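Here's a quick walk through one model, written for someone who likes to poke at coordinates. Have the viewer open as you read.

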Amino acid sequence: MNTFELQEKLNGKYKLTRQREIIFHILNSYASHHLSAEDIHEIVHEQHPEIGLATVYRTLELFSTLAVVQKLDLGDGCQRYELYSLHHHHLICNACGKVFEIKGSLADALGTVIDAQTDFSVQDYRLYIYGYCKDCQANVTSNVV
Ligand SMILES: [Zn+2]
Ligand SMILES: [Zn+2]
């Protein structure tokens, strides 16, 4: 997502304030990092100590309402955020908690199945896939009695 697309989402209703732009840029440059509000605040703070955690929270809430970011629950008890994209999914390792991304959208395939069985109109969906990463697979199998 670029600044132009962000402007479109803000849709004249919300100003692209300096804080919003800074936080947006961080989300962009840390794509695939799945940052928490605290992480973002820490990064912001280095260059812009005047931007507080409350502002980061408020901005993320707004971004999430406008579908600029999506909230993620990666199972570590921490709310995380990333720029909204339907085109990747998350694989989460049950042993070490590492998160991997796969590119490609399953929306079309899912849509076909849902259309065939219901008259439900899908607005959004979340998909987390759980298993063991390559490093952990060896440990897991050796622990099986
Ligand atoms: Zn991601
Ligand atoms: Zn692992």
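## Leu6 and its neighbours

Setting aside residues up to four places away in sequence, Leu6 touches Met1, Leu16, Phe24, Phe63 and Val68. Keep in mind that all of this is read off a predicted model. Leu6 itself sits in helix 1, which covers residues 3–10.

How buried is Leu6? Its relative accessibility is 0%, and since anything under 20% qualifies, Leu6 counts as buried. Take Phe24 from that contact list: Leu6 and Phe24 are 18 residues apart along the sequence, and their C-alpha atoms are 8.4 Å apart in space.

## The zinc site

Next stop, the metal. Which residues coordinate the zinc ion (ligand 2)? Cys93, Cys96, Cys133 and Cys136 do, each through its SG atom, at 2.3 Å. If you like to scan for patterns, the donor residues are spaced C-x2-C-x36-C-x2-C in sequence.

Why is the arrangement called tetrahedral? The four donor atoms around the zinc ion (ligand 2) subtend angles of 104 to 115 degrees, and four donors count as tetrahedral if all angles lie between 85 and 135 degrees. Solvent cover is worth a look for two of the cysteines. Cys93 has a relative accessibility of 3%, so Cys93 counts as buried. Cys96, with a relative accessible area of 39%, is partly exposed, because that value falls between the 20% and 50% cut-offs.

## Gln70 in strand 2

Now for a polar side chain. Gln70 belongs to strand 2, residues 69–73. Is Gln70 buried or exposed? It is buried: the relative accessible area of Gln70 is 9%, and the cut-off for buried is under 20%.

What does Gln70 contact, once neighbours within four places in sequence are left aside? The list is a run along the chain: Arg80, Tyr81, Glu82, Leu83, Tyr84 and Ser85.

## Two backbone oddities

If you're checking torsions, pause at two loop residues. Asn11 isn't a glycine, yet its phi is positive, at about 60 degrees. You'll find Asn11 in the loop between helix 1 and helix 2, the latter spanning 18–29.

His34 is the other residue to look up. It has a positive phi of about 50 degrees, again without being a glycine. His34 lies in the loop between helix 2 and strand 1 (35–36). With a relative accessibility of 6%, His34 counts as buried.

## The whole chain

Time to zoom out. The protein chain has six helices and six strands. Read from the N terminus, the order is α-α-β-α-α-β-β-β-β-α-β-α. Along the principal axes, the C-alpha atoms fill a box of roughly 55 × 45 × 20 Å.

Of the 145 residues, 28% count as buried. Looking at contacts between residues at least 6 apart in sequence, 47% join residues at least 24 apart.

## Surface and charge

Finally, some bulk numbers. The accessible surface of the protein chain is about 9,400 Å², with 53% of it belonging to carbon and sulfur atoms.

How many charges of each sign does the chain carry? There are 12 positive and 18 negative charges, and the mean positions of the two sets are 4 Å apart.

Notes
Residues are numbered from 1 along each chain as its sequence is written. Chains are lettered from A and ligands numbered from 1 in the order in which they are written. This is a predicted model: local features need pLDDT of at least 70, side-chain atom pairs count only at pLDDT 80 or more; totals for chains, interfaces and linings use all residues. Side-chain values use heavy atoms; hydrogens and water are left out. Helices (H or I, at least four residues) and strands (E, at least two) are DSSP runs, numbered from the N terminus. Buried means under 20% relative accessible area, exposed over 50%, partly exposed in between (1.4 Å probe, protein chains only). Contact means heavy atoms within 4.5 Å. Accessible areas come from the Shrake-Rupley method with a 1.4 Å probe; for residues, only the protein chains shown count as cover. Lys and Arg count as positive and Asp and Glu as negative; His and the chain ends are not counted. The place of a charge is taken as NZ of Lys, CZ of Arg, CG of Asp or CD of Glu. Donors are N, O and S atoms within 2.8 Å of the metal (3.2 Å for Na, K and Ca); water is not among the atoms, so sites may look incomplete. Four donors count as tetrahedral if all angles lie between 85 and 135 degrees; four count as square planar and six as octahedral if opposite donors are over 155 degrees apart and all others between 65 and 115; anything else is irregular.
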